Amino acid sequence: MEFTLIIAVVIALAVGVVLVGFLDRRPAPPKGTYKEVRDPDDPGRGGTAVLEREPEVVEPEAEPEPEVVEPEAEPEPEVERPEAAGSRLQRLRARLLKSNNVFGKSLLALLSRDRIDEDVWDEVEETLLMADLGTEPTMELVDRLRDRVKVEGTQDPEQVRSLLREELLAMVDPSMDRRLEASRKGDRPAITMVVGVNGVGKTTTVGKLARVLVAEDRKVVLGAADTFRAAAAEQLATWGARVGVDTVRSDKDGADPASVAYEAVAEGIRQEADVVLVDTAGRLQNKANLMDELGKIKRVIEKQGEVDEVLLVLDATTGQNGLTQAKVFAEVVDVTGIVLTKLDGTAKGGIVVAIQRQLGVPVKLVGLGEGADDLAPFSAEGFVDALLAD
Amino acid sequence: MFNSLSDRLANTFRNLKGKGRLTEADIDATAREIRRALLDADVAVPVVRQFIAQIKERALGAEVSQALNPGQQVVKIVNEELVEILGGETRRIQHAKTGTTVLMLVGLQGAGKTTLAGKLAHQLKSDGHTPLLVACDLQRPNAVKQLQVGGERAGVPVFAPHPGVSSEFEVPTGDPVQVALDGIAEANSKYHDVVIIDTAGRLGVDQELMQQAKDIRAAVNPNEVLFVIDAMIGQDAVATAQAFNEGVGFTGVVLTKLDGDARGGAALSVRHVTGKPIMFASTGEGLKDFEVFHPDRMASRILDMGDVMSLIEQAEKNWDRSEAEKMAKKFADQEDFTLDDFMSQMQQLKKMGSMKKMLMMMPGAQSMRQQLEQFDESSIDRVEAIIKSMTPHERVAPKIINGSRRARIAKGSGVSVSEVNALLERFGQAQKMMKKMASGGGMPGMPGMGPGPGRGGTRKKGKGKGRQKVRSGNPAKAAAERQALEERRARSAQKPGSMFGQDFDPSSFNAQDLNLPAGFDKYLKDR
């Protein structure tokens with residue numbers, strides 16, 4: 001019995017392998033087009049003008065028109081006034097101090113021994129590794145530090161500490177442009193897409209970001225293009241309603257996210273908003289079809305104007321896979337900034353250092369907790385100072 | 001999965017190949033590479049330290065001078081250590097001896113607890129249980145609703161007396177402990193034999209929520225507390241696992257998002273630090289993408305040895321028995337392999353879920369991973385269309401398909417003639433291969449089942465030699481063979497390390513000498 005099954009499996013596998021081989025021999029489609037049936041949303045190769053049509057014409061599946069959720073009846077008294085971004089910095093520092101204390105302290109303790117020997121360097125290395133900094137940056141940092149300590153012949157912990165701070169700071173690179181595109185571009189709003197893998201907190205980030213922007217007196221429209229996860233659109237709409245921001249969403253689950261995104265941008269243009277924030281469904285970066293879908297969302301949006309900002313949301317607990325995530329997402333949608341969330345746990349989020357170095361994509365925002373105003377601008381100095389504080 | 005880790009290790013060992021003897025410097029260099037590979041795979045630093053120390057010690061010890069060449073020796077040591085860390089045996093859910101079994105899920109935010117609850121319910125239901133889902137996550141917006149949707153998809157009732165919160169701005173009300181207790185009462189009154197409690201996600205440092213989980217645990221006294229952890233987690237895995245183990249205490253671990261390309265070193269770390277077994281793995285967004293975690297199989301996956309056991313189990317679950325038997329009989333009788341068979345096999349494969357995933361479990365699949373990842377599942381339908389556009393006669397005797405028939409078939413299935421040609425060509429090769437296999441050319445080795453002592457030949461990737469005969473024409477002999485095979489399977493299941501054949505040499509893995517029948521490599525090479 002078992003045996004027949006095994007044979008059957010073998011045969012089926014053979015068929016599978018033959019199939020894979022067969023299908024792969026088909027000529028690769030020209031770049032920028034779909035592998036399969038041509039998609040009506042595809043901008044196409046030729047110079048065909050894009051029709052200014054309603055999306056239900058563009059979408060053959062006859063999507064129900066995404067409806068605009070108006071904030072509750074009398075929004076004025078209910079709308080909150082979120083805390084301004086500037087004052088958040090202080091809290092960021094305090095929080096980082098708290099969450100990264102162990103890291104900073106142990107490093108200092110190590111370096112303030114009388115003599116700096118091999119064991120100390122090993123431990124420095126391991127400590128950096130434990131912050132998810134990654135092998136390459138860690139080894140580089142330790143090597144450089146070693147050289148400098150040797151060259152300068154110092155055994156003074158204070159001095160070593162300032163050297164370490166310098167090197168770390170150089171790695172985090174404070175000179176990067178970490179500003180968000182949040183002003184109108186000519187006659188259209190700035191368009192921001194938020195992407196990432198499952199469970200990192202994209203929807204929450206969009207909600208918090210909307211609050212930040214409202215606090216800066218920007219007019220915002222939200223697009224709930226996460227049509228996959230149950231109740232994601234609702235969650236986003238609640239965030240929006242809190243600060244008197246409209247949310248464009250589809251009234252059924254599983255609608256085409258590109259259509260919702262398109263509609264959100266159209267609504268943003270109509271309302272003359274400053275910023276349109278589009279939330280997308282979480283997807284693992286190795287799922288080719290889902291990444292294609294993401295590419296499509298962006299292309300469809302771009303019928304109405306460039307996407308100015310693509311923010312990749314990363315969970316601070318993510319390890320070295322974060323780098324792969326960043327790479328793949330950057331390939332597909334050209335990520336312009338990182339949002340590091342859940343930095344309030346024990347995780348250090350060191351992977352962003354490697355990402356910044358390898359891809360040149362700066363960390364722009366950090367999420368520090370579950371509170372509505374716990375999203376703060378990233379500050380390299382603050383980050384490093386907090387790492388090294390005692 | 002552990003793709004990158006096995007890549008790294010394979011690379012490391014390639015350098016060792018051909019060395020007659022390992023010097024201490026060699027071992028040091030190898031150890032450094034392994035260390036780096038493990039660190040890059042997010043294995044926690046303390047775990048790596050210990051792992052490396054162990055490997056160094058063993059590699060330098062007396063073992064080196066034995067019969068194996070040194071490269072193989074290191075591979076063997078690494079494998080054994082991996083199996084040991086991942087935990088020896090598969091552990092299943094321990095059901096209550098009497099009354100309702102209570103399962104509780106805990107974990108960080110975003111680890112995938114609620115999604116997992118649905119999958120677990122689905123799995124238990126298909127195992128003949130009558131689970132009840134209890135929504136105790138009153139913290140996260142819409143968690144209750146998500147669980148209800150998951151339960152609906154799985155066809156499992158959800159006990160959710162409290163709607164939870166629907167936005168971040170509502171203050172969580174309701175007492176999760178009470179909900180859990182009520183849920184169990186509900187299960188008892190409606191004769192559900194398993195209760196799955198979904199709890200709020202929490203950070204390891206959040207004392208309040210940790211206390212809540214502890215309270216729920218104390219109140220309901222669950223049979224199993226499952227700690228759900230994301231395979232992508234980095235060095236924080238250790239701190240998190242420890243916090244949960246000390247805070248709530250768990251009995252088993254579930255690894256989620258294993259379908260991503262995270263290297264999954266967290267599996268090693270958590271297991272090593274807490275000593276708790278990894279029980280399940282979640283491998284996708286669908287309800288069925290959920291499997292029992294097999295440490296030994298995982299170790300062989302790490303070392304790119306395929307996962308044939310899982311494959312066969314999947315087949316057992318999903319395949320049409322009579323169809324499989326018919327096929328096997330045809331095969332044994334050396335009947336011609338027709339396009340009809342080709343299609344029915346294809347459909348069977350499709351039934352097992354993702355074809356990609358199935359093929360990935362094949363030994364040596366790692367080296368064609370890229371190809372597989374690009375493989376578009378929906379294109380199978382096109383092949384089906386082509387075959388369905390043929391007349392029954394054509395399917396049995398593809399030789400009669402001449403030019404005009406090809407044109408007709410292409411037209412009928414909406415593809416180009418060259419695609420029809422390519423399919424026929426491929427099919428011809430497949431047919432030849434089948435014939436060869438059936439006529440004693442040998443069945444491809446089944447590494448997951450492990451060679452018995454003295455039968456190591458099946459593992460060897462040499463083409464066409466030392467392969468076992470498929471099945472003897474003599475019924476008595478065939479029965480004996482079958483028995484021997486089953487014995488071997490049973491043996492290898494008990495002793496995972498034994499799958500490491502004496503002549504196994506992962507450095508020799510490449511498309512040419514995969515564990516595939518001769519001729520298979522053609523399909524991999526010519527692109």
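Which residues are linked with A:Arg357 in a network of salt bridges? The network comprises A:Glu140, A:Arg144, A:Arg148, A:Glu152, A:Glu166, A:Glu167 and A:Arg357; a salt bridge is a side-chain nitrogen of Lys or Arg within 4 Å of a carboxyl oxygen of Asp or Glu.

The model is predicted, so that local features need pLDDT of at least 70 and side-chain atom pairs count only at pLDDT 80 or more, while totals for chains, interfaces and linings use all residues; side-chain values use heavy atoms, without hydrogens or water. Residues are numbered from 1 along each chain as its sequence is written, and chains are lettered from A and ligands numbered from 1 in the order in which they are written.

**View 1. The open sheet of chain B has 8 strands.** The strand order is β3-β2-β4-β1-β5-β6-β7-β8, with mixed pairing. Strands are DSSP runs of E with at least two residues, helices are runs of H or I with at least four, and both are numbered from the N terminus; two strands pair if DSSP finds at least two bridges between them. Strands β3 (158–159) and β8 (290–292) of chain B each have a single partner strand, so one side of each is left without a neighbour in the sheet. At one of these edges, β2 (residues 131–135) of chain B pairs with β3(B) in the parallel sense over 2 bridges. Within this pairing, B:Leu133 has B:Val158 as its bridge partner in β3(B).

**View 2. Helices α7 and α8 of chain B pack against strands of the sheet.** Helix α7 (residues 176–189) of chain B touches β1 (101–107), β2, β3 and β4 (194–198) of chain B, contact meaning heavy atoms within 4.5 Å. The direction of α7 makes about 160° with that of β2(B). Axes are lines fitted to C-alpha atoms, for helices over the stretch in contact, and angles run from 0 to 180 degrees between N-to-C directions. Helix α8 (residues 207–220) of chain B lies across β1, β4 and β5 (224–230) of chain B, at about 175° to β1(B). Chain B as a whole has 22 helices and 8 strands. Of its 527 residues, 57% are buried; buried means under 20% relative accessible area, exposed over 50%, and partly exposed in between, with a 1.4 Å probe and protein chains only.

**View 3. A buried salt bridge joins A:Arg211 and A:Asp373.** The closest N and O atoms of the pair are 3.2 Å apart. A:Arg211 lies in helix α9 (residues 202–215) of chain A and A:Asp373 in the loop between β8 (363–367) and β9 (375–377) of chain A, so the pair ties together parts that are 162 residues apart in sequence. Both A:Arg211 and A:Asp373 are buried. Over all chains, the structure holds 28 salt bridges.

**View 4. Helix α17 of chain B contributes residues to two salt bridges.** B:Arg382 and B:Glu419 meet through their side chains at 3.4 Å, N to O. B:Arg382 belongs to helix α17 (residues 380–388) of chain B and B:Glu419 to helix α20 (residues 417–441) of chain B, 37 residues apart. B:Glu419 is buried, at 13% relative accessible area. B:Glu384 forms a salt bridge with B:Lys388, with closest N and O atoms 3.2 Å apart. B:Glu384 and B:Lys388 are 4 residues apart in α17 of chain B, and therefore separated by about one helical turn. B:Glu384 is buried at 10% relative accessibility, whereas B:Lys388 is partly exposed at 48%.

**View 5. A:Asp173 and A:Asp334 have positive phi values.** Phi is near 55° at A:Asp173, which lies in the loop between α8 (157–172) and β2 (190–195) of chain A. A:Asp173 is partly exposed, with a relative accessible area of 26%. At A:Asp334, phi is about 60°. A:Asp334 occupies the loop between α13 (321–333) and β7 (337–341) of chain A, and is partly exposed at 49% relative accessibility.

**View 6. A:Gly322 is a buried residue of helix α13 in chain A.** Its relative accessible area is 0%. Apart from residues up to four places away in sequence, A:Gly322 touches A:Leu314, A:Ile351 and A:Ile355. The C-alpha atoms of A:Gly322 and A:Gly349 are separated by 9.5 Å, and the two residues are 27 residues apart along the chain.
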